[in-house]
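Subject: The structure we talked about

Hi,

Here is the structure I promised to pass on. Have a look at it first, and then read my notes below.

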Amino acid sequence: VTGASFVVFNGALKTSSGFLAKSSIVEDGLMVQITRETMESLRQALRDKKDFKITCGKMDAGDMKEYVDICWVENEEKTNRG
């Protein structure tokens, strides 16, 4: 689990790169590089206020995957303030 001050979603990852998606820590935030198709799905999920999971890593990496979960919560007391 990684806490971040901000998240950047970059929809320019090419399918030919061999990656499902890439995540990296940038300063005190998180940058997630995703394909254009995943960006469209993410946008729709945000509009609909639905949870969304991005699988990061190489396409042929087997079980070695990282995940970026975007979750809507009911109880805001457990989230960061500010």
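Before counting anything, a word on terms: helices are DSSP runs of H or I with at least four residues, strands are runs of E with at least two, and both are numbered from the N terminus. Counted that way, the protein has one helix and five strands. Starting at the N terminus, the order is β-β-β-α-β-β. Please keep in mind that this is a predicted model.

**The sheet**

The five strands make an open sheet with mixed pairing, and their order across it is 1-3-2-4-5. Strand 1 (7-10) and strand 5 (66-70) are the edges, each pairing on one side only. From one strand to the next, the twist averages 35°. As general background, strands of a sheet pair through backbone hydrogen bonds, either parallel or antiparallel.

You can find both kinds here. Strand 1 runs parallel to strand 3 (residues 29-33), and four bridges join them. Along that pairing, Val7 is opposite Leu30, while Asn10 is opposite Gln33. Strand 2 (residues 19-26), on the other hand, runs antiparallel to strand 3, with five bridges between them. Leu30 turns up again in this pairing, as the bridge partner of Ile25.

How many residues lie between strand 2 and strand 3 in their hairpin? There are two, and Glu27 in that turn has a positive phi of about 55°.

**The helix**

Which strands does helix 1 touch? Helix 1 (residues 36-47) packs on the sheet and touches strand 1, strand 4 (52-58) and strand 5. The directions of helix 1 and strand 4 make an angle of about 160°.

**The loop between strand 1 and strand 2**

Two residues in this loop are worth clicking on. Lys14 is one of them, and Gly18 is another. Are they buried or exposed? Lys14 has a relative accessible area of 57%, so it counts as exposed, since the cut-off for that is over 50%. Gly18 comes out at 25%, which is neither under 20% nor over 50%, so Gly18 is partly exposed.

Now see what is around them. Beyond its neighbours within four places in sequence, Gly18 is in contact with Gly57, Lys58 and Met59. Gly18 and Gly57 are 39 residues apart in sequence, yet their C-alpha atoms are 8.6 Å apart in space. For Lys14, try Gln33: the two are 19 residues apart along the chain, with 9.5 Å between their C-alpha atoms. This is the Gln33 that stands opposite Asn10.

**Rings and charges**

I also searched for aromatic pairs, and the whole structure has zero of them. Two lysines do sit over rings, though. The charged end of Lys22 is over the ring of Phe19, 4.6 Å from the ring centre. Likewise, the charged end of Lys53 is over the ring of Tyr67, at 4.4 Å from its centre.

**The whole protein**

A few totals to finish. The protein has 82 residues, and 21% of them count as buried. Its exposed area is about 6,400 Å², with 49% supplied by carbon and sulfur atoms. Among contacts with a separation of 6 or more, 39% are between residues 24 or more positions apart.

Happy exploring!

How values were computed
Residues are numbered from 1 along each chain as its sequence is written. This is a predicted model: local features need pLDDT of at least 70, side-chain atom pairs count only at pLDDT 80 or more; totals for chains, interfaces and linings use all residues. Side-chain values use heavy atoms; hydrogens and water are left out. Two strands pair if DSSP finds at least two bridges between them. Axes are lines fitted to C-alpha atoms, for helices over the stretch in contact, and angles run from 0 to 180 degrees between N-to-C directions. Contact means heavy atoms within 4.5 Å. Rings of Phe, Tyr and Trp (its six-membered ring) pair if their centres lie within 6.5 Å; planes under 30 degrees apart count as stacked, over 60 as edge-to-face and the rest as tilted. A charge sits over a ring if NZ of Lys or CZ of Arg is within 6 Å of the ring centre and within 35 degrees of the ring normal. Buried means under 20% relative accessible area, exposed over 50%, partly exposed in between (1.4 Å probe, protein chains only). Accessible areas come from the Shrake-Rupley method with a 1.4 Å probe; for residues, only the protein chains shown count as cover.
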